[in-house]
Amino acid sequence: MAVFCGAKGNKFLFTNEYKLVTSWWPKSMKKVFIFQNSDTNFKQVSALKRSFHHDILKPEALKQYLPVMDVLSREHLEREWTPNAVVKVFPLSKKYTFELACRIFLGVVDLEVIKRLVDPFTLANEGVFSVPIDLPGTAYNRAIKGGKVVRQELMKIIKDRRKELMEKNNTERTDLLSKMLIATNENGQFYSEMQISNNIIGLLVASFDTTSSAVTSVLNYIAELPDIYKEVLKEQLEIAKSKGPDELLTWEDIEKMKYSWNVARESLRLMPPAQGSFRETITEFTYAGFTIPKGWKTFWTVHSSHKNPEYFPEPEKFDPSRFEGSGPPPYTFVPFGGGPRMCPGKEYARLQVLVFMHNVVRRFKLEKVIPNEKVVFHGSAKPVHGLPVRLHPHRK
Ligand code: HEM
């Protein structure tokens, strides 16, 4: 495998998609989540994926999901945060992220059904980045078993929904699953349940750890740096003051969260949820004097530009002002990748993070319980103790 580094390496891989390289994932990862030997043809899945990604993840659709995100984050904070003096941010943000994805992607709100999905999904997700030895007792083995249960549970949901859609012709459902079930391919055929399942799982996998890690990193810095917290709070209170107490956030409010988004971007620079991504070479080529044969794998790396003092002076310093004005040079800040494969969930993640920040800082000041808690990069950035914080509610 050839590892590409720095802005030049990023640019090379991002701009040569489909020309010299193409997306690639290890077989061991696909084995955990994807239905094997199904009628699924990967090209068709990709076509379905791309058309829906564009549909569900573009601003018009996201505007529809914004109130859902706001309501759920308020409910989540009332239920899981407010009754406690200390909370663990990482496991809770995973819970919130998964519930939100279940509502938006699947139209599922029943906590029992969500629980039947989340436990096996967590096992699968935790073991997918381990050494792929499928023997009893290994993390990979647990991942394989978890993946199987996720597929079974998802299949039940898909079949029930198909029945519901057939019985009630005119449904108001706006979730992705319902839209996929009534869509047809270029030959006018409906997509199979396995194809739909594989796609939904793809979205759950791509969004779960990444977005929960992003929410956690932002709250980590807000808890650690009082000046940053103060500025974020100021911006969010301005927005809150312009609305009634129960009025939900609008797209215009999100657009006003400029400082908060710079704080989130600086958190993504220092603790990127994705460490890079794989490609496979489709033809032999030469880069920086090295010949890379056809069929080799490549990897672009996020830290090699995020931590480079040439692009980010004093790279370890948390400084959201780096993103003011024209911001960092192209191909240097790449938490979501770049080029045709750039993360299609970028805006979804931006909304989720900003909505959560808004609701948290308006209610609490946070204090880290473990000041220098270690963060490990296992897939995403993860605080080893889950980031426990003491909550100081604002006086009413
Ligand atoms: C902060 C949160 C997130 C980060 C940092 C992130 C980052 C990334 C990165 C680095 C890639 C790989 C790009 C490449 O191959 O070069 C990617 C791909 C992808 N992401 Fe995200 N992501 C996030 C959230 C999401 C969300 C919320 C969704 C869905 C709602 C999503 C859906 C996807 C999909 C489907 C792909 C594969 C795209 C393709 O191969 O064409 N991501 N993401």
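Q: Which residue in S11 stands opposite Leu 366, and what makes S8 and S11 count as paired strands?
A: Leu 366 stands opposite Leu 391 in S11, and Lys 368 has Val 389 across from it in that strand. Two strands pair if DSSP finds at least two bridges between them, and S8 and strand S11 (residues 388-393) share five bridges in the antiparallel sense, so the criterion is met. The model is predicted, so local features need pLDDT of at least 70 and side-chain atom pairs count only at pLDDT 80 or more, while totals for chains, interfaces and linings use all residues. Residues are numbered from 1 along each chain as its sequence is written, and side-chain values use heavy atoms, with hydrogens and water left out.

Q: How do you know that S3 and S11 are paired?
A: Three bridges join S3 to S11 in an antiparallel arrangement, and Val 86 is found opposite Arg 390 of S11. The bridge count is to be set against the minimum of at least two, and S3 and S11 therefore qualify as a pair.

Q: What makes S3 and S8 edge strands of their sheet?
A: The sheet is open, with three strands in the order S3-S11-S8 and antiparallel pairing. Strand S3 (86-88) and strand S8 (364-368) each have a single partner strand, so one side of each is left without a neighbour in the sheet. The twist from one strand to the next averages 40 degrees.

Q: How do you know that helices lie across this sheet, and at what angles do they run?
A: Contact means heavy atoms within 4.5 Å, and angles, from 0 to 180 degrees, are taken between the N-to-C directions of axes that are lines fitted to C-alpha atoms, for helices over the stretch in contact. On these terms helix H5 (residues 89-106) lies across S3 and S11 and runs at about 65 degrees to S3, whereas H14 lies across S8 and S11 and runs at about 90 degrees to S8.

Q: Why are S1 and S2 called edge strands of the four-stranded sheet?
A: That sheet is open and of mixed pairing, in the order S1-S7-S4-S2. Strand S1 (2-4) and strand S2 (21-23) have a single partner strand each, so each has one side without a neighbour in the sheet. The twist averages 35 degrees from strand to strand. S1 and strand S7 (residues 297-301) run parallel over three bridges, with Phe 299 in S7 as the bridge partner of Val 3.

Q: What makes Cys 343 a donor to the iron atom of the ligand?
A: Donors are N, O and S atoms within 2.8 Å of the metal (3.2 Å for Na, K and Ca), and water is not among the atoms, so sites may look incomplete. The SG atom of Cys 343 is 2.3 Å from the iron, and Cys 343 is the single donor from the protein; its distance is therefore inside the limit for a donor. Cys 343 lies in the loop between helix H13 (303-306) and helix H14 (346-363), where a helix is a DSSP run (H or I) of at least four residues and a strand an E run of at least two, numbered from the N terminus.

Q: How do you know that Ser 277, Trp 300 and Arg 341 make polar contacts with the ligand?
A: A polar contact is a pair of N or O atoms within 3.5 Å; within protein, one must be able to donate a hydrogen and the other to accept it, and residues adjacent in sequence count only if both atoms are side-chain atoms. Oxygen atoms of the ligand lie 2.9 Å from a polar side-chain atom of Ser 277, 3.0 Å from one of Trp 300 and 2.8 Å from a side-chain N or O atom of Arg 341.
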